[in-house]
Amino acid sequence: MIRKVAIQTGFFVLLAFIAWNAYLAMDHLKQVQKIAAVTVESSAFQAKLSAVLKDVLDMETGQRGYLLTDDTAYLQSYTDAKNRITTDLASLRTVFANRAQSEQSLESRLESLAGSKQEEMDRTIGLRQQGYRKRSFNLVDTNEGKGYMDEIRGIVSSLSSAESSNLARFETETAASVKRIWSITIMANAGLLALAACLFWLVLRHGRVLGKEASQSRTELAVRDSQLETLTSALSGQVRSSITAINTNSQLLLEEYGSFLPRHGHELAVQVKDEAAQMEQIRRGLIENQAAEKAA
């Protein structure tokens, strides 16, 4: 009984270990997915920052090329970048919607500087188109546009560095968490293996004990069968003869001397005859039962 309870308890504990191990595996998978999602988000953020900076640089390249050569072909790259930067800034603004207030302030400052730089370039291009080449160069020489560009590069660099630092910190913390989960998972698997081995040993031992008990039961049953067979043999031989003799003698006694017997003696003779008949019925029943068991 104790072994059976131990095996049942072991199975429940084993199931609990399996469920716990599955939970750890799911938790580890979630951590990996979280790392992947944050990495993708960070890469998208860096790409959008780079896109805004590239738009401004492309605009400046088109501006400088046109101012120097008066070739309107340079204005095409300027116009294309001018059209792209509106979309890129809107996309970047969406990313910063859930960021810290300090980062949102930097993003707003970046948009303002990009707009100021664009206005400065529009003025120089407008002067060049009107034929005021020197005045457009004089405006460039004031370094107003350079100041805007320096600030834009500084903000982009600051935001990019902060993002890289945040990602590195997140990866470090997550790596430590994943390492801890791995350690717990390894220990859980080791415990699971040990528990499974112990449970297997208990089942095997229980099976052996049951086998011994079954063998002992078969031996005891064989002994009882032998005893019953001996009893049946006796019933079918000597006992049968004795019962038959008793029955016959009691019958003769009643038939030949029944009228001479006192009343009490006559009753005893009848009782002996009835008891002998009952013993014969019991004997036949035992023999029939043994024959049925052997046939089964």
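Buried means under 20% relative accessible area, exposed over 50%, and partly exposed in between, with a 1.4 Å probe and protein chains only. This is a predicted model, where local features need pLDDT of at least 70, side-chain atom pairs count only at pLDDT 80 or more, and totals for chains, interfaces and linings use all residues. Residues are numbered from 1 along each chain as its sequence is written, and side-chain values use heavy atoms, without hydrogens and water.

**Exercise 1.** Place Phe170 and decide whether this residue is buried or exposed.

Solution.
- Find the helix: Phe170 is in H5, residues 144-236. Helices are DSSP runs (H or I, at least four residues), numbered from the N terminus.
- Apply the cut-off: Phe170 counts as buried because its relative accessibility is 16%.
- List the contacts (heavy atoms within 4.5 Å). Leaving out residues up to four places away in sequence, Phe170 touches Lys34, Ile35 and Val38.
- Check one partner: Val38 is 132 residues from Phe170 in sequence, yet their C-alpha atoms are 8.6 Å apart.

**Exercise 2.** Classify Phe12 as buried or exposed.

Solution.
- Locate Phe12: helix H1, residues 2-69, holds this residue.
- Apply the cut-off: Phe12 has 62% relative accessibility, so this residue counts as exposed.

**Exercise 3.** Which rings have the charged end of an Arg over them?

Solution.
- Set the test: CZ of Arg, or NZ of Lys, must be within 6 Å of the ring centre and within 35 degrees of the ring normal.
- Take Phe45: the charged end of Arg99 sits over its ring, 4.6 Å from the centre.
- Take Tyr132: the charged end of Arg135 sits over this ring, at 4.7 Å from the centre.

Methods
Helix = DSSP H or I, 4+ residues; strand = E, 2+ residues; numbered from the N terminus.
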